[in-house]
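Please open the model in your viewer and keep the sequence panel beside it. The tour moves from one selection to the next, with a word on what to look for at each stop.

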Amino acid sequence: MSASSPVEDCLFCRIVAGDVPADVVHRSDTTLAFRDVNPQAPTHVLVVPQEHHVDAAALARDAPATVAHLVDAARMVAAAEGLDDGYRLVFNAGAQAGQTVFHVHLHLLGGRDLGWPPG
Ligand code: AMP
């Protein structure tokens with residue numbers, strides 16, 4: 001789906017709308033960043049576009065400037081969190097990669113040593 005209007009049964013659209021509570025750490029005209037409920041690192045924040053796009057490829061196709069907005073928002077959150085030694089940004093795309101919420105989200109992970117390759 002390439003539609004960008006809110007999707008009724010989409011968890012992250014509901015968080016953007018304020019219908020589901022979240023620990024919001026950053027907001028811009030096009031993005032929202034909030035803490036992951038199941039953090040995998042001392043800092044684990046999800047940065048989402050306010051508009052609905054299913055995955056990073058769909059976002060790049062339909063609203064390419066917003067990809068940069070997500071990365072820039074992550075940079076600002078990382079700075080606010082004091083992640084001066086580095087951080088990881090991850091888009092999971094598709095079920096085999098572990099995507100469980102089909103509203104694109106950029107994982108910002110930091111605050112510990114992060115192994116490579118990822119699981
Ligand atoms: P992914 O597996 O890449 O689709 O990432 C989805 C992420 O959303 C997981 O890391 C979940 O822990 C996280 N998550 C699920 N529900 C919520 C919620 N209500 N608030 C914040 N994070 C959530």
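Are F12 and F34 buried or exposed? Select both residues in this predicted model, and you will find that F12 is buried and that F34 is buried as well.

Keep the two side chains displayed and turn to their rings, which form an aromatic pair of the edge-to-face kind, with 5.3 Å from centre to centre and 75° between the planes. The count of aromatic pairs comes to one. Now colour helix α1 (residues 11-17), where F12 lies, and strand β2, where F34 lies; the pair therefore ties together parts that are 22 residues apart in sequence.

Next, stay with F34 and select V24, which stands opposite F34 in β2. Extend the selection to the whole of β1 and to β2 (residues 31-35), and you will see two strands that pair in the antiparallel sense over three bridges.

From there, widen the view to the sheet, an open one in which five strands follow the order β1-β2-β3-β5-β4 with antiparallel pairing. At its edges are β1 (24-27) and β4 (88-90), each of which pairs on one side only. Looking across the sheet, follow the twist, which averages 20° from one strand to the next.

Finally, select helix α3 (residues 64-80), which packs on the sheet and touches β1, β2, β3 (43-49), β4 and β5 (106-110). If you compare directions, that of helix α3 makes about 155° with that of β3.

Conventions:
Residues numbered from 1 in each chain as written. Predicted model: local features only at pLDDT ≥ 70, side-chain atom pairs only at ≥ 80, totals over all residues. Heavy atoms only, no water. Pairing = 2+ DSSP bridges. Helix = DSSP H or I, 4+ residues; strand = E, 2+ residues; numbered from the N terminus. Axes fitted to C-alpha atoms, helices over the stretch in contact; angles between N-to-C directions. Contact = heavy atoms within 4.5 Å. Phe/Tyr/Trp six-rings, centres within 6.5 Å; stacked < 30°, edge-to-face > 60°. Buried < 20%, exposed > 50% of the residue type's maximum accessible area, 1.4 Å probe, protein only.
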